[in-house]
Amino acid sequence: MENITIDREKCIGCGECAADCVGRHIALKDGKAYVREGGCIGCGHCYAICPVGAVDMPDCDTSGLDRILNFTEIEPEKLLLALKSRRAVRRFTDEPVSDELVNMLLEAGRYSPTGSNFQLVHFAVMRDRENLRWAEAEGMRVFKATPWLAPQVEEMESLPGGGKDFFLNGATCVIVVGANHRIDASISAAYMELMAQSLGLGVYFCNYFNYAAKHSEWLQKLFAMPEGIRPGATLVLGHTDVKYCRLPPRDAAKVVWC
C-alpha cells in the first residue's frame, strides 16, 4: 500500500479522486476526501486527477509530473501511419547508443502499465562490446544444446555468413526486460520499442535471445535480476543502417464482430 495523503485545506470536495480510485480507497467525508485503510495499489490516479493538487504521495518522487499530453492532441491519422510505418530493423551502424537515449527508453518502459500496478519490471542494459560478443556466443551454445533448436542452428550455419550474429545482428545495445509476469515485460518492451522508433533507432524483438536468457546461467548472472523475475522480452537495438521507402503489405484484419 502506498502512503497517500490529502491536504484537507486544499481539497474542494469534488469527489474526482474517490470516483477514480480503483480500490475504492478514497471516500468523501464532511465534504472532503479522506483515505480509507487498505485497498490502495499506488496507481496514482488520485494524484493525477486532483484539480487543485490536494493529493500527495510522499514516498514517491513527484517532481516534474505537472506536464501532461492528451492522446487526442496527436493527430489520429499521423499516429496510425507511424504505427504502420514501424519496422523490425536488423541492420545497424557501429555507433553506440548514448546514455541519454537509453534513459529515455527506460523512462518509457517504466511508465508502462503493470498488473495491479506491482511495477515489478526490471531492465538489464547490455552495451559492453565484450559482453555483447559473449552473449551472442552463449545464445548459440544454448540453442545447440537444445535438441529441437539445434537443426535450426545447423541450417543458419550453412547459409552465407555461417550464422554469425544470429541473435544480435551486430547491434550495439540489448535491453532485456524481466518481470514476474511475461505480459508485464512484453507491454513494457512494446512501449520502449515505440520510443526507440521515435528516437530514430533501429530495434527488433528477439524471442530467440530471450529463450537463451532464460536457459543460461551465465546470462542470468550477468543480468542479475531478483528472484522471481524472469526475462520476458528482449529488445535488440542500435543506430539504423537502413531506410524503408513504403509500407509493406499485410493480410486483412481477422475480426469477429459480436
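These are my notebook entries on a predicted model of one protein chain.

**Entry 1. Ground rules**

I number residues from 1 along each chain as its sequence is written, and side-chain values use heavy atoms, with hydrogens and water left out. As the model is predicted, local features need pLDDT of at least 70 and side-chain atom pairs count only at pLDDT 80 or more, while totals for chains, interfaces and linings use all residues.

**Entry 2. The whole chain**

I looked up the secondary structure and found nine helices and eight strands. Helices (H or I, at least four residues) and strands (E, at least two) are DSSP runs, numbered from the N terminus. The C-alpha trace spans about 75 × 45 × 45 Å along its principal axes.

I then looked up burial. The chain has 258 residues, and 35% of them count as buried. Buried means under 20% relative accessible area, exposed over 50%, and partly exposed in between, with a 1.4 Å probe and protein chains only. The accessible surface is about 16300 Å², and carbon and sulfur atoms hold 54% of that. These areas come from the Shrake-Rupley method with a 1.4 Å probe; for residues, only the protein chains shown count as cover.

For contacts (heavy atoms within 4.5 Å), I took pairs with a separation of 6 or more. Residues 24 or more positions apart make up 75% of these contacts.

I also looked up the charges. There are 28 positive and 33 negative ones, and their mean positions are 6 Å apart. Lys and Arg count as positive and Asp and Glu as negative, with His and the chain ends not counted. Each charge is placed at NZ of Lys, CZ of Arg, CG of Asp or CD of Glu.

**Entry 3. Aromatic pairs**

Rings of Phe, Tyr and Trp (its six-membered ring) pair if their centres lie within 6.5 Å; planes under 30 degrees apart count as stacked, over 60 as edge-to-face and the rest as tilted. I get nine aromatic pairs by this rule. One of them is Phe-92 with Tyr-204: the centres are 6.4 Å apart and the planes at 25°, so I list the pair as stacked. This pair links distant parts of the chain, 112 residues apart, with Phe-92 in the loop between α3 (76-85) and α4 (99-110) and Tyr-204 in strand β7 (residues 201-205). Phe-92 has 10% relative accessibility and so counts as buried. Tyr-204 is buried too, at 3%.

I next took Phe-166 and Phe-167. Their ring centres are 4.9 Å apart and their planes at 85°, so this pair is edge-to-face. Both residues are buried. They belong to one aromatic cluster with Phe-143, Trp-148, Tyr-208, Phe-209 and Tyr-211.

**Entry 4. Charges over rings, and Arg-90**

I count a charge as over a ring if NZ of Lys or CZ of Arg is within 6 Å of the ring centre and within 35 degrees of the ring normal. Lys-29 meets this with Tyr-34, at 5.8 Å from the ring centre. Arg-90 lies over the face of Tyr-204, at 4.6 Å from the ring centre.

Where is Arg-90 placed? It is in the loop between α3 and α4. Arg-90 is partly exposed, with a relative accessible area of 43%. Leaving aside residues up to four places away in sequence, Arg-90 touches Asn-169 and Tyr-204. Gly-44 is 46 residues from Arg-90 in sequence and 38 Å from it in space, C-alpha to C-alpha.

**Entry 5. Positive phi**

Most residues other than glycine have a negative phi. I noted Arg-24, which is not a glycine, with a positive phi of about 50°. Arg-24 is in the loop between α1 (16-20) and β2 (26-29) and is exposed, at 53% relative accessibility. Gln-119, also not a glycine, has a positive phi of about 55°. Gln-119 lies in the loop between α4 and β5 (122-126) and is partly exposed, at 46%.

**Entry 6. Two more residues**

Is Gly-109 buried or exposed? Gly-109, in helix α4, is buried, with a relative accessible area of 2%. Beyond residues up to four places away in sequence, Gly-109 touches Phe-123, Ser-188 and Met-192. The C-alpha atoms of Gly-109 and Asp-184 are 10 Å apart, with their positions 75 residues apart along the chain.

Thr-5 is in strand β1 (residues 5-6) and is partly exposed, at 33% relative accessibility. With the same neighbours in sequence left out, Thr-5 touches Ala-54, Val-55, Asp-56 and Pro-58.
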